[in-house]
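Please look through the model shown below and keep it in view while reading. The paragraphs that follow move from single residues to helices and then to the interior.

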Amino acid sequence: MAGNSFGQLFRITTFGESHGAAIGVIIDGCPPNVELDLEFIQSELDKRKPGQSKITTQRKESDTAQILSGIFEGKSTGTPIALVIPNEDQKSKDYDHNKDIFRPSHADYTYQSKYGIRDHRGGGRSSARETAARVAAGAIAKLFLKQKGVEVFAHVSSVGTITAPNIDPSDLNELLDIRESNIARCADPATAHEMIEFIDSVRKAGDTVGGKVSCIIRNCPVGLGEPVFDKLHADLGKAMLSINAVHGFEYGSGFEGSEMRGSEHNDIFQPSSNGKPVSTLTNFSGGIQGGIANGMDITFRVAFKPVATIMHNQNTVNKEGDAAEIKGKGRHDPCVVPRAVAIVEAMAALTIADHYLRQNAYL
């Protein structure tokens with residue numbers, strides 16, 4: 001299986017399966033002398049881990065990260081960082097019923113067709129359990145970016161048809177406090193309450209629902225991004241679309257921009273003054289022009305589909321191609337977006353860290 005690595009200079013390779021002994025990541029290219037705050041890394045993993053509230057899967061994993069290499073006296077050494085997260089609460093018998101049956105909208109059929117073998121226990125490598133390794137690596141990328149003054153913030157901006165109003169992004173620390181005060185991870189308290197009630201009602205009905213995560217990257221240096229095939233927004237899009245259950249990505253004005261005129265959509269430049277850099281009056285470009293960061297906030301949204309496993313009978317086929325019926329069992333999220341916030345931030349941080357190093361390679 002190819003395609004387990006992401007990034008060029010700040011490069012990660014993840015490994016492990018949902019019901020294997022552990023999952024983990026190798027981080028190659030992290031610069032030396034980055035303060036590897038283990039409490040911060042664990043706090044990022046805690047935001048993604050299962051079993052944290054009534055609206056997430058009840059699988060109980062501590063997601064305790066163990067750093068095996070690449071650290072000395074609390075700092076990165078510049079050598080590969082190996083990090084492992086043991087699996088502690090596998091219930092493989094929950095998946096015995098679909099050993100020879102393909103779950104609708106899962107990777108079962110495509111994995112079996114491509115490789116001629118699949119790990120039916122929780123989906124194996126196709127499980128979102130793999131994303132814990134990304135969050136751990138993303139936490140280290142965040143610590144590197146923190147030294148450069150770059151901030152990454154995401155929150156749940158919609159669940160189903162419930163949409164939060166536009167938030168004031170002037171104080172990301174305040175928004176972080178609001179987001180972490182509710183289990184929906186929405187930065188608007190009133191909308192968060194509505195989301196929680198709705199997700200819980202969907203869970204009780206044995207169904208699932210999708211949603212969106214919105215992200216802001218602040219203080220990104222001007223110039224990040226390569227202007228042809230490795231445009232910054234293209235790499236951010238690849239990063240987000242590589243996350244399980246993601247079905248859409250848009251940055252800046254996104255699809256709504258296609259309904260505007262150029263006279264409405266153009267971001268008018270403001271002259272620099274008092275030592276401040278050039279800025280724009282609006283930010284329909286989402287902080288990226290010509291594939292290169294322009295110094296404004298980078299903004300994008302990520303759409304997640306409903307979880308495919310539902311507690312209803314569904315028609316499907318078995319390995320022989322014959323008609324069959326299946327009903328979900330085990331522990332699953334009724335809505336992935338509250339836990340996906342940490343994953344979106346991690347993949348954004350990994351992308352920016354990689355492009356930061358690539359830009360500095362020019363110097």
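A residue is called buried when its relative accessible area is under 20%, and this cut-off will be needed twice in what follows. The model in front of you is a predicted one, and a good place to begin is A349, which lies in helix α8. Because its relative accessible area is 0%, A349 counts as buried. If residues up to four places away in sequence are not counted, A349 touches G138, A141, K142, L145 and V152. A different picture comes from G275, which is 74 residues from A349 along the chain, with 27 Å between the C-alpha atoms of the two.

Helix α8, which runs over residues 337-360, also packs with helix α6, residues 232-241. Two packed helices are described by the angle between their axes and the distance between the axes. For α6 and α8 the angle is about 145 degrees, and the axes are 9 Å apart. The crossing in which α6 passes α8 is right-handed. On the side of α6, the contact is made by L232, D235, L236, A239 and M240, while α8 brings V344, M347, A348, T351, I352, H355 and R358 to it. Sorted by character, the residues of this contact are 8 nonpolar, 2 polar and 2 charged.

One residue of that contact, M240, deserves a closer look. Apart from neighbours within four places in sequence, M240 is in contact with V344, M347 and A348, and also with V246, F249, F300 and V302.

In soluble globular proteins, nonpolar side chains tend to be buried together. Here the largest nonpolar core has 77 residues, and those with the most contacts inside it are I217, M240, I298, F300, F304 and V344. Helix α8 gives the most to this core, namely 15 residues. There is also a second, separate core of 5 residues, which includes F153, L175, A187 and I216.

What about a charged residue, and is R185 buried or exposed? Its relative accessibility is 7%, so R185 counts as buried. R185 is placed in the loop between α4 (172-179) and α5 (189-204). The side chains of R185 and E180 are joined by a polar contact of 3.1 Å. Leaving out neighbours within four places in sequence, R185 is in contact with K47, Q52, H155, V156, R179, E180, P338 and V341.

Technical notes:
Residues numbered from 1 in each chain as written. Predicted model: local features only at pLDDT ≥ 70, side-chain atom pairs only at ≥ 80, totals over all residues. Heavy atoms only, no water. Axes fitted to C-alpha atoms, helices over the stretch in contact; angles between N-to-C directions. Helix = DSSP H or I, 4+ residues; strand = E, 2+ residues; numbered from the N terminus. Left-handed = near helix turned anticlockwise from the far one by under 90°. Contact = heavy atoms within 4.5 Å. Nonpolar A, V, L, I, M, F, W, Y, C, P; charged D, E, K, R; others polar. Core = buried A, V, L, I, M, F, W, Y, C linked by side-chain atoms within 4.5 Å. Buried < 20%, exposed > 50% of the residue type's maximum accessible area, 1.4 Å probe, protein only. Polar contact = N/O pair within 3.5 Å; in protein donor to acceptor, adjacent residues only side chain to side chain.
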